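Visitor: Please take a close look at one small part of this model, and then set that part in its wider surroundings.

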There are 4 protein chains.
Amino acid sequence: MKKVAIIGISGYSGLELLRLLHGHSEVTVVGVYGTSTVGEKLTALFPKLQGYAEYAGLTIKQFDAAEIMATADLVFFATPAGIAAIHAADFIHAEFPVIDLSGDFRLQDPSQYEKWYARPASHAQLLAKADYVLADFDTPKTAYISNPGCYATATLLSLAPLYKESLIQYDSVIVDAKSGLSGAGKKLTDSSHYVNANENVSMYKLNQHQHIPEIINKLMTWQEKTLPIQFSTSLIPVTRGIFVSTYAKLAADVSFEQVREAYEKTYRDSYFVTVCEQGHLPDLHHVVGTNVTAIGLGYNPLTNTLTVVTVIDNLVKGAAGQAIQNMNHFFNFDEKAGLDLLPIL
Amino acid sequence: MKKVAIIGISGYSGLELLRLLHGHSEVTVVGVYGTSTVGEKLTALFPKLQGYAEYAGLTIKQFDAAEIMATADLVFFATPAGIAAIHAADFIHAEFPVIDLSGDFRLQDPSQYEKWYARPASHAQLLAKADYVLADFDTPKTAYISNPGCYATATLLSLAPLYKESLIQYDSVIVDAKSGLSGAGKKLTDSSHYVNANENVSMYKLNQHQHIPEIINKLMTWQEKTLPIQFSTSLIPVTRGIFVSTYAKLAADVSFEQVREAYEKTYRDSYFVTVCEQGHLPDLHHVVGTNVTAIGLGYNPLTNTLTVVTVIDNLVKGAAGQAIQNMNHFFNFDEKAGLDLLPIL
Amino acid sequence: MKKVAIIGISGYSGLELLRLLHGHSEVTVVGVYGTSTVGEKLTALFPKLQGYAEYAGLTIKQFDAAEIMATADLVFFATPAGIAAIHAADFIHAEFPVIDLSGDFRLQDPSQYEKWYARPASHAQLLAKADYVLADFDTPKTAYISNPGCYATATLLSLAPLYKESLIQYDSVIVDAKSGLSGAGKKLTDSSHYVNANENVSMYKLNQHQHIPEIINKLMTWQEKTLPIQFSTSLIPVTRGIFVSTYAKLAADVSFEQVREAYEKTYRDSYFVTVCEQGHLPDLHHVVGTNVTAIGLGYNPLTNTLTVVTVIDNLVKGAAGQAIQNMNHFFNFDEKAGLDLLPIL
Amino acid sequence: MKKVAIIGISGYSGLELLRLLHGHSEVTVVGVYGTSTVGEKLTALFPKLQGYAEYAGLTIKQFDAAEIMATADLVFFATPAGIAAIHAADFIHAEFPVIDLSGDFRLQDPSQYEKWYARPASHAQLLAKADYVLADFDTPKTAYISNPGCYATATLLSLAPLYKESLIQYDSVIVDAKSGLSGAGKKLTDSSHYVNANENVSMYKLNQHQHIPEIINKLMTWQEKTLPIQFSTSLIPVTRGIFVSTYAKLAADVSFEQVREAYEKTYRDSYFVTVCEQGHLPDLHHVVGTNVTAIGLGYNPLTNTLTVVTVIDNLVKGAAGQAIQNMNHFFNFDEKAGLDLLPIL
């Protein structure tokens, strides 16, 4: 039985880690850490945990790297941007296992981070120790695992076969991504106020979303001809779920059948990726509550345009679930441990 | 490993049974049965199951009691009213274990059933073989377990300590219950059409809800002074959840402290019932996705009125979860098997 | 053409006043006032007004009673609690027409206000100048019109015939009221955060809601035997609408037919109150976007309990619409001016 | 005062016509026609109209062209596909004014209609009498006005300046359109069942939506170089609203400034089209309840891609509102009559 700690328990990703790890037979949560909630009992912060005896004893603690390393086998950073950048150094120096759900170590070039996140980056030599691990493609190569962003995960899984197999025109890619409100986090903002978000859709951070560079960096590792992509994000009035519509023109002499085969081949051995049957496009209900990515394909011969519809649960595959999948790989657990879940209505 | 079959797989309760049993380590689903969907592959009916290899081989079969008894150890009826009434006889004669999520065997008096359900009742001698099992209070005494209704479960757990301990004036009880739309089932109706239900609340079946008699019957077993209660049901625009506000005047010389102690005592050993701390009332998020019933209490000395707020997930505690809890008791499994879940956002 | 000013334009009631007055042929909005938004153009605060030429010139101004009295014929306070208490004095001394949508002048006893609002009351002699005007029953007697609260309006219209005609047992009244999120205002709070409010229902301020005293005070004017009532408020996941379920035991020798006749008689000449036909209960869609109150009735002879279901749009009848109805009465306009609207889906 | 009749009163567009015409000072609804609801009183079909005396006398009548022409000055077809195709002939022969909200006369080539609508077209000589009138660009040239589709309206207004002014590469256009559930109509379907639509997004009719040909036909009138466009439609969990994200690559030597100027010039005199200020993108709340189209622009120099975000209320601008705007033009009323509305929360 491995012991883990969670930093950032009060946020949605932290709580989702706790929820999923509750069903993981190989792992126990031994410590939870926060900032504004330090000293509170976990059951006071989340009254809905009052009935669970195993959490009655947990109190939210002040971050303490030495304590974590002394009591746990791995730590999750489920923190807003900027926290891991400050606090990760001790773990990295000690080569203590970290899974970082934040964006702080996703970009290895400090100037790129500072441009897109508008805050100071961690040191380049620390950034270099982190491994960006897209769990359905990669296994961890170092102890510091940088967990991909929610939009980035959906977009990369949507595009991977196209880039790996050179199937499209790289200047034609349009990604129209929509996310539920839990993706906007727990912080109170005008755009996440119920009256503003309900019965509404809004596009935000046009051409400025911080997941763009991690997407491009990863695509480059698959396809050197990668060009900038057009990437938009909209808020939709649901709690959970990312729905990505991707459009691209097929390369010369590439048929839709080839494309379909490439998706099926790429994901044949991926337990958590489902390529839908011909003619079927997935909806959010396909994946809510699960670590699954579901992908559907369509093609318009009049415009030579491929449509790829990809859905994930932003809190599971887009955050805590992929983090646990990465942990499972890291500890050589069954990949499905804690994640073998059917979608919930 | 026990083998179970599900009749009525295409409905919400049937699918929820499948979802919860997916995480139950002692049980396998070996057969799924339907009516209008007979012959379809389960993954065709529910494309979201396409990625789960264990369900690839399941095809929805025509009901066949002999086959079920030959291949399974227990069967769930997750069917609309009227189906179990017709098809349960063979199981009852064979004393084969059945958990019936429908209302067909909840009322042992055929005339009472026919009055409230407006359809023919099963035979009185068959009805007499069924045991109405409220899982947090009862353990099965016969092989035919009649699973309580969703509203009835929330209401009975809300009222139990008051009736058992003679704490209230029995002519003063008002139950204002609200349910999400999954409680209205999969059948297409005007009231479950999105545009009608969204941004709306409506009260329905005033004084005519078919869960009223099972509530009264059960209350009578706890308290012979039971009188008719006022019971209202409203639809609220959420998918899952029942929220019950209960009001009652305290009996003479009964204090709020006594009431609180009665709740705490009654539910001290109930893993799935949480009595919230003083001053805290539960909301639906407390229980969504879990088998938990959460209860909060308030008292107004000016009106001598107790307010009890009780929440459940109608598809879990109100249907599939309680059915599994009853199955766990029946098979002497750990009560929590398959049901040890944290609430999901 | 009368000229009006709005104080508190940035809140939901202020904007709703603007929206409704836009369709009022006898009134022009000549000034808009705020606090944190002073100096902003109205179209900058609300980009959705950019296309409306008549608002292009409006800039949000600092409160200035003298200016308002010099430029307008009437002023609306659409402000949070505490603002009118501070700023109303000049208007009252000048007997300048005010319609105050806040709670500041609804309770004429300062100590009652301070108990329920937990903030300093205005002076008793100023409070005495205010007239609490429930628009479907009262016409303004002074220049300072205190507009009833949203819950109070729905509850009072729900109960009026019962109290006026002595039809019920006064110790048996239970009001279970539910409101959409716009009732919680524009302020960012945990309970109005989308992820918290969506797919949820929660009861709040149990026995402590500040509308309780204005309800009781008004009931007392109708019925001297009035006793405390049991009053609960819950948040439901809709933007607009209040749904009130009221329960009461009929007095001895009172029949349901008498009750129905009392409602029909009471509201026969009320354009904005609809008593639904026998057997029909209203839902929120009945009234959204209108100034209408719709009331449905049911009776349970087993419990001798009357159920009254009353719905209003909290921003119209519960705030801006009733304020305009009061203004129409004050200025002797057609009562329907600006308010002759069909419900919107 | 003109008199109008509505065919298809029971559908969402028919009821929305009634709602908007209620506020139109120059028009009275003198007859309402249906099919399955013939003989019902309007207030029985819509209990929420019970309080409105002006509708108490209206009973839903069987279609009768002669009666309509004898009693009204204009008729609206607010009917599903196929009804106007059958019933319009008499009106066309008599040159009686019709505004047809259905798709039956939008495509003048019968074979094109039959391909996209999968049902028999009206006769070619009748189709030739119909005029497709996009209200912000066109005024009616004949008595038979074919009102554009909801998606088509939003898409055409989104693209007009680009095609009229030759600003883009015509093979690069991607339209990702999302609609609320009222766009799916009143018919009960699985996809409009609350539990299925709530907390979900789904793409449908990929490359097969019947609004595609009317879009292309209209674009061709503006720009002969028009090529097929990529057009997707998704359902989003809101009642009202269409949100269209459009992407296109700018033509050689065209700057974003030129594009912005083209939009501002094109819509300078359009009361019902708002081009948002630089940096602002509209959301659905910008237009809900109004006849306004709001358009926002963004540009990505890395991909040379223009993003156009366009929002409308599908029931107003996308149906009943544009129909009234067309009627206002036809009768030479003020264009804003009945449509001068602020957005509703």
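Guide: Let us begin at C:Ile83, which is found in helix α4 (residues 83–87) of chain C; helices (H or I, at least four residues) and strands (E, at least two) are DSSP runs, numbered from the N terminus. This is a predicted model, in which local features need pLDDT of at least 70 and side-chain atom pairs count only at pLDDT 80 or more, while totals for chains, interfaces and linings use all residues. Residues are numbered from 1 along each chain as its sequence is written, chains are lettered from A and ligands numbered from 1 in the order in which they are written, and side-chain values use heavy atoms, with hydrogens and water left out.

With a relative accessible area of 25%, C:Ile83 is partly exposed, a class that lies between buried (under 20% relative accessible area) and exposed (over 50%), with a 1.4 Å probe and protein chains only. Its C-alpha atom is separated by 7.9 Å from that of C:Asp104, a residue 21 positions away along the chain.

Strand β4 of chain C (residues 74–77) is covered on both faces, with C:Leu74 and C:Phe76 buried on one side and C:Val75 and C:Phe77 buried on the other. In a regular strand the side chains alternate between the two faces of the sheet. Strand β1 (residues 2–7) of chain C runs parallel to β4(C) and is joined to it by four bridges, where two strands pair if DSSP finds at least two bridges between them; C:Val4 has C:Leu74 as its bridge partner in β4(C). Strand β5 (residues 98–100) of chain C also runs parallel to β4(C), with three bridges between them, and here C:Val75 stands opposite C:Val98.

In chain B, the whole sheet can be laid out: seven strands form an open sheet in the order β3-β2-β1-β4-β5-β7-β6, with parallel pairing. Its edge strands are β3 (61–62) and β6 (130–132) of chain B, each of which pairs on one side only. Between β5 (residues 98–100) and β7 (residues 144–146) of chain B there are three bridges in the parallel sense, and B:Val98 has B:Tyr144 as its bridge partner in β7(B). Helix α12 (residues 316–330) of chain B lies across β1, β2, β4, β5 and β7 of that chain, running at about 160° to β4(B); axes are lines fitted to C-alpha atoms, for helices over the stretch in contact (heavy atoms within 4.5 Å), and angles run from 0 to 180 degrees between N-to-C directions.

Two residues stand out by their backbone. Most residues other than glycine have a negative phi. C:Ala118 nevertheless has a positive phi, near 55°; C:Ala118 lies in the loop between α6 (110–117) and α7 (124–127) of chain C and is exposed, at 69% relative accessible area. For A:Lys205, phi is near 50°, again a positive value in a residue other than glycine; A:Lys205 sits in the loop between β9 (202–204) and α10 (212–222) of chain A and counts as partly exposed at 39% relative accessibility.

At the level of the whole chain, chain A has twelve helices and 14 strands, and its C-alpha trace spans about 60 × 45 × 40 Å along its principal axes. The radius of gyration of chain A, 20 Å, agrees with the value near 20 Å for a compact globule of 345 residues, the radius being taken over C-alpha atoms and the globule rule being 2.2 Å times the number of residues to the power 0.38. Buried residues make up 66% of the 345 residues in chain A, and of the contacts in chain A with a separation of 6 or more, 70% are between residues 24 or more positions apart.

Finally, the copies can be related to one another, superposed by least squares on the C-alpha atoms of residues with pLDDT of at least 70 in both. Chain D is superposed on chain A by a rotation of 180° with 0.0 Å of shift along its axis (RMSD 0.0 Å), which is the relation of a two-fold axis. In chain D, the C-alpha nearest that axis belongs to D:Pro237, 3.3 Å from it. Because 100% of the interface residues of chain D are also interface residues in chain A, these copies meet through the same surface. Chain B is likewise superposed on chain A by a rotation of 180° with 0.0 Å of shift along its axis (RMSD 0.0 Å).
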